[in-house]
Each structure stands twice: as structure tokens, then as C-alpha cells.
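Visitor: I'm new to this structure, and I'd like a close look at a single part of it. Could you take me to the surroundings of the ligand and then show me how they fit into the rest?

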Amino acid sequence: MEHLAAKSPSDSEVVMTQLILPSDANNLNSAFGGKVMEWIDICGAIAAQRHCRQVVVTASMDDLHFHAPIRVGWIAQLRARVLATFRTSMEVGVTVHAENPLTGERSLTTSALMTFVALNQEGGRVQVPALKLETEEERAAAQEAEERRAQRIARQKQAQTWLRVMPG
Ligand SMILES: CC(C)(COP(=O)(O)OP(=O)(O)OC[C@H]1O[C@@H](n2cnc3c(N)ncnc32)[C@H](O)[C@@H]1OP(=O)(O)O)[C@@H](O)C(=O)NCCC(=O)NCCS
């Protein structure tokens with residue numbers, strides 16, 4: 001099946017560049033976190049779609065960390081890479097670096113791990129291609145993703161008691 005031929009993470013990598021405008025800012029004159037999350041979701045979804053060439057939905061966002069603010073007028077460069085594939089889901093890592101447009105100085109500001117699920121035209125889940133892991137680092141990243149998935153599945157089996165204090 002041609003559409004299930006394994007692909008390497010570089011085949012679907014996405015680099016997305018945004019200028020931080022005043023309309024993207026919080027009241028501290030840096031990028032609003034919700035806007036950065038939107039870009040992360042879009043960048044990650046494009047990588048997942050490129051990998052499986054199917055429509056994808058976001059199942060979860062984990063380990064979202066805002067390490068540093070991005071100032072208005074600076075450039076945000078997002079990068080998304082598929083880290084691991086499972087049956088119908090893919091874990092995608094997304095980073096955001098801030099770039100000072102005047103000096104070119106860059107630093108990591110945000111990182112997140114996302115899981116996307118591939119859907120067919122009828123909304124049913126579809127199998128995704130395997131990931132062709134070519135470097136030691138890629139193999140280690142995929143192994144970590146396997147462990148995170150096992151932990152998530154184990155956690156989902158536990159009682160989510162916090163939901164009981166959240167009336168609908
Ligand atoms: C994501 C969704 C399709 C999963 O549906 P489901 O009925 O729970 O599906 P299943 O239990 O059959 O799991 C399907 C896959 O999703 C994965 N998955 C389900 N919930 C997940 C979660 N919270 N985090 C990570 N992966 C998840 C499963 O591990 C499974 O992966 P696999 O096939 O690779 O083993 C469904 O919950 C959904 O449609 N959610 C809403 C998505 C959405 O609207 N996103 C925002 C807009 S894009």
C-alpha cells in the first residue's frame with residue numbers, strides 16, 4: 001500500500017515564521033500565550049498531515065512550556081517534526097524560537113508535544129505510515145514518545161477525580 005510507505009521525520013518537517021504584531025500581544029507587550037498555542041497547533045497539524053496525507057484532528061497537547069516571552073516586533077520561528085507514529089495517531093514535537101530581527105539572536109521560547117489522529121472522509125480513524133528513523137537521536141526521541149504514550153494510557157485508566165469537582 002503506497003500511502004502507508006514509511007516516511008522519515010524530515011519528509012514532513014514544518015518551519016513556520018510569524019512576526020509578532022501588536023494584535024498578537026498581551027498587556028506586557030509580548031506574544032499572547034493563546035496565540036502562540038494556535039500557531040503551535042497549526043504547525044503541528046501540518047506536519048502530521050504531511051506525514052499521513054489525511055485529515056488530522058488534535059487529540060491532545062502535552063508538556064506545553066512557555067520558557068520565555070517573545071517581544072512584539074520580534075520574529076517567532078516554529079518548527080514541527082513527527083517524533084513517533086502509532087496505529088492511527090502521531091506524536092509531533094513543536095518548538096518556538098524567538099529571533100531578534102535587528103541582531104539575528106535566537107532563543108527557545110516555547111515547546112510542546114502534540115498527538116494528532118488521522119481521519120478518513122467518513123470521520124473514521126485510519127492507519128498512518130510508519131516513521132523511518134534514521135539517526136540515533138530520532139530513535140531515542142521515538143522511544144521516549146512510546147514511553148509517554150504508555151504512561152498516558154495507564155493514567156487514563158485511573159479515576160480522573162478532578163473532573164468530579166468541575167460541574168458541567
Ligand atoms: C481524538 C479522537 C479522534 C480519539 O477518538 P477515540 O474514540 O478516543 O479513539 P480511540 O480510542 O479509537 O483512539 C484512536 C487513537 O487516538 C489516540 N488517542 C485517543 N485519545 C488520545 C489522547 N487524549 N491523547 C493522545 N492520543 C489519544 C489513541 O491512543 C489511538 O491511537 P492509535 O490508533 O495510534 O493507537 C476523538 O476523541 C476526537 O474526535 N476528539 C476531538 C478532536 C477535536 O475536535 N480536536 C480539535 C479540533 S482539530
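Guide: Let's start with the residues of the shell around the ligand: they divide into 4 nonpolar, 5 polar and 3 charged. Keep in mind that this is a predicted model. The residues that surround the ligand are V57, T58, A59, S60, F86, R87, T88, S89, T115, V117, R125 and R152. Two elements, β2 (55–66) and β5 (106–119), give two or more residues to that shell. With 4 residues, β2 gives the most.

Now step back to the sheet. It is an open one of 5 strands, antiparallel in its pairing, and the order runs β1-β3-β4-β5-β2. At the edges stand β1 (14–19) and β2, and each has a single partner strand, so one side of each is left without a neighbour in the sheet. On average, neighbouring strands here are turned by 25° against each other, if you ignore direction.

Take one pair of strands for a closer look. Strand β4 (residues 89–99) pairs with β5 in the antiparallel sense, over 11 bridges. If you want a spot to find by eye, look for T95, which stands opposite S111 in β5.

Next come the helices that lie across these strands. Helix α2 (residues 33–52) lies across β1, β2, β3 (75–85), β4 and β5, and runs at about 45° to β3. Helix α3 lies across β3 and β4, and runs at about 75° to β3. You can check the length of α3 (residues 136–157) yourself: at 1.5 Å a residue, its 22 residues should span 32 Å, and the end C-alpha atoms are indeed 32 Å apart, which agrees. Of those 22 residues, the number buried is 1, so α3 lies largely in the open.

One last stop is the loop between β5 and α3, where you'll find N120. Is N120 buried or exposed? Count the other C-beta atoms within 10 Å and you get 11; a residue is exposed if that count is 12 or fewer, so N120 is exposed. Leave aside the neighbours within four places in sequence, and N120 is in contact with Q54 and V126. As for G34, that residue is 86 residues from N120 in sequence and 29 Å from N120 in space, C-alpha to C-alpha.

Conventions. Residues are numbered from 1 along each chain as its sequence is written. This is a predicted model: local features need pLDDT of at least 70, side-chain atom pairs count only at pLDDT 80 or more; totals for chains, interfaces and linings use all residues. The expected span of a helix is 1.5 Å times one less than its number of residues. A residue is buried if 20 or more other C-beta atoms lie within 10 Å of its own, exposed if 12 or fewer, and partly exposed in between; C-beta atoms are placed from the backbone. A residue is near a molecule or strand if its C-beta atom, placed from the backbone, lies within 6 Å of it. Ala, Val, Leu, Ile, Met, Phe, Trp, Tyr, Cys and Pro count as nonpolar, Asp, Glu, Lys and Arg as charged, and the others, Gly among them, as polar. Two residues are in contact if their C-beta atoms, placed from the backbone, lie within 7 Å. Two strands pair if DSSP finds at least two bridges between them. Axes are lines fitted to C-alpha atoms, for helices over the stretch in contact, and angles run from 0 to 180 degrees between N-to-C directions.
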